[in-house]
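Hello,

Here is the structure we discussed. Please open it alongside the notes below.

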Amino acid sequence: MTAVSLAVCRLYCNEDVGTIWPKPTGTVSVSNDVVKINPQDIIFKTENFKKEPAYWNMATDRFKQMQQKKLPTKYSIKSGGKTLLIDVTSETDDMTFNLDTFEGYNFKITEDGNGIHVAVDAKNFFGARHALETLSQLIVYDNIRNEMLIVGGAEIEDAPKFKYRGILLDTSRNYFSVESIKRVIEGMAMTKLNTFHWHITDSHSFPLVLNSQPELSKLGAYTPEKVYTSADIEGIVRFAKARGVRVLPEFDAPAHVGEGWQKKQLTTCFNAQPWKDYCVEPPCGQLDPTKDEVYNVLEDIYREMIDQFQYPDLFHMGGDEVSVKCWNSSDS
């Protein structure tokens, strides 16, 4: 019996769809043979994505890097292998990404005299990107043969079952670096999750740097280094979009407001004790809706956040755990 590496086994040692995750919702047909490819000879061909080509370039560069990461670091793999030609067709170059964006795709893998040919059809960039994610799962490094292998043939039709597939990360209670946020998004991309709900502020800290209200982060961040600048956010949003993930920002209000607001005189029951008499959970703090200046500050926050996050289709305004006892403790 020929020895089979664990990586190859994962392609076939399963009665369903092997290593593909999430499971495709449409037709799946995968041949029972593998073909050696040259990971240095991956070619992309497309006439699309000319409207914002940087995103497609990011997606193809990432695909190549993902294959390199599968290779051993302490020795070289066998030379040779067939060319992998990925031919992508998209119905539109429109990069609009919202709940109505169709993220489906289909592709066909065939072997011919020129190498391995993958024909990808999608409605847009996001479907094509998901196709690359699935294709990557059909490419493995065989540590017994010391070769990079791809399934010899396949036909897959797939589209997400749910429009919203997300993860929420709270960076107010616990600060996460830009790089760690990108690692979360990278994991989301690998499993085709499409919404990163960024709970960026709360009563615990205010790490968001705003040009119009700079004292919020100066007084509210855990340290001067633990903040998110406009450049940080722009980079994260672009990084996410290239991976089929949109960023949904949340500024929590009118409750869950505290650190950063100390000098504005626009909150009530800030850090009040005993906390159970003033809020649902500590530390307490809510905006005082009787003060007109509250709305001017909110306008600045929302305007800058929407601009920083490149006009997201969804925006979370908080609204949870408002305590009437807090407001009733004010003389206003």
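What covers the buried residues of H4? The model is predicted, and in it the cover includes H2, H3, strand S9 (166-170), strand S10 (195-199) and helix H6 (230-241). The residues they cover are Val-178, Ser-180, Ile-181, Ile-185, Met-188 and Ala-189.

The length of H4 checks out. Helix H4 covers residues 178-190, 13 in total. At 1.5 Å a residue it should span 18 Å, and its end C-alpha atoms are 19 Å apart, so the two agree. Just after H4, Lys-192 has a positive phi of about 60°.

Now the sheet. It is open and mixed, with eight strands. The order is S1-S8-S4-S5-S3-S2-S7-S6. Strand S1 (28-30) and strand S6 (139-142) are the edges, each pairing on one side only. From one strand to the next, the twist averages 30°.

One pair inside the sheet: strand S3 (residues 82-90) and strand S5 (residues 115-122) run parallel, joined by seven bridges. Thr-89 sits opposite Asp-121 of S5.

Two helices meet these strands. Helix H3 (residues 125-137) packs on the sheet. Its contacts are S2, S3, strand S4 (105-112), S5, S6, S7 and strand S8 (154-158). The direction of H3 makes about 45° with that of S4. Helix H2 (residues 53-69) lies across strand S2 (34-46), S3, S6 and strand S7 (147-151). H2 runs at about 170° to S2. Both H2 and H3 are also among the elements covering H4.

Best regards

How values were computed. Residues numbered from 1 in each chain as written. Predicted model: local features only at pLDDT ≥ 70, side-chain atom pairs only at ≥ 80, totals over all residues. Heavy atoms only, no water. Pairing = 2+ DSSP bridges. Helix = DSSP H or I, 4+ residues; strand = E, 2+ residues; numbered from the N terminus. Axes fitted to C-alpha atoms, helices over the stretch in contact; angles between N-to-C directions. Contact = heavy atoms within 4.5 Å. Expected span 1.5 Å × (residues − 1). Buried < 20%, exposed > 50% of the residue type's maximum accessible area, 1.4 Å probe, protein only.
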